[in-house]
Amino acid sequence: MGTQLAVLERFIRELRSIWSTNADNQSRMEKAKGALERFVMEPSLKAHSADWPSTEGHKNLLLYVDPDFDFVINAVVRVPGRKGSIHDHADAWVLYGLLDGTESLERYDRIDDGSKEGYAEVKLSSVTTGTQGKVDLVPPRAIHAEQGGDNRSVAIIVRSQKLGQGTVLQGRYDPAARTRTEGYGPTQVPFELMA
Ligand SMILES: [Fe+2]
């Protein structure tokens, strides 16, 4: 029997203390940002992630689900040159932290008034490219896309609630077709980080 990676255990303890002392998800996530920034700089975590499997095919590694507060820790492992699609996370607050490689986070503005069912005009408003240690806070309904870099990349995600099949429907946007559709988030693949 192995034991859970020590840095993950410590990170979970930190998050649980933040969740238990703050009542709303916005302040929890703002405080968790610093904890995630430190977590993705841990050399033992980065070394461990070299062996994690690819999450191609709309998957997430599911590292942890909190039994009391419902927050979730996920990981994504992107292949070089991965093209991300434009989406939102519905009601969920999400922290997205880069552990290895380079990725770009694109943010989009919604241009139309949202009154026409299935119709959406979105416009790229900013692109930030990051490497290990870069953490983005993505509020509910913010429209964005994560783009892979030239090499394999790995990110750690903290979500205020579990997303994926059978949870909440998230928005997906096609700027060329000017459409908005809804679908479930990535398939959750349970994955334990053992020392
Ligand atoms: Fe996202």
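**Exercises on strand pairing**

In this predicted model, strand E4 (residues 94-100) pairs with strand E9 (residues 153-159) in the antiparallel sense, over six bridges. Let's warm up with that pair and then move outwards.

**Exercise 1.** Find the residue of E9 that stands opposite Gly97.

*Solution.* Start from the antiparallel pairing of E4 with E9. Then go to Gly97 and look across to E9: the residue opposite is Ile156.

**Exercise 2.** Work out the strand order of the open sheet with six strands, and explain why one side of E7 and of E12 is left without a neighbour in the sheet.

*Solution.* Step one: reading across the sheet gives E7-E4-E9-E2-E1-E12, with mixed pairing. Step two: E7 (135-138) and E12 (187-190) are the edge strands, and each has a single partner strand, so one of its sides has no neighbour in the sheet. Step three, for the geometry: neighbouring strands here are turned against each other by 30° on average, direction ignored.

**Exercise 3.** Trace the pairings of strand E10 (residues 170-174), and describe the hairpin that E10 forms.

*Solution.* Begin with strand E3 (residues 86-87), which pairs with E10 in the antiparallel sense over two bridges. Here Ile86 has Tyr173 of E10 as its bridge partner. Next comes strand E11 (residues 179-183), which runs antiparallel to E10 and is joined to E10 by five bridges. One bridge to check is that of Asp174, whose partner in E11 is Thr179. Finally, E10 and E11 make a hairpin with four residues between them. Within its turn, look at Arg178, where phi is positive, at about 55°.

Terms used. Residues numbered from 1 in each chain as written. Predicted model: local features only at pLDDT ≥ 70, side-chain atom pairs only at ≥ 80, totals over all residues. Pairing = 2+ DSSP bridges. Axes fitted to C-alpha atoms, helices over the stretch in contact; angles between N-to-C directions.
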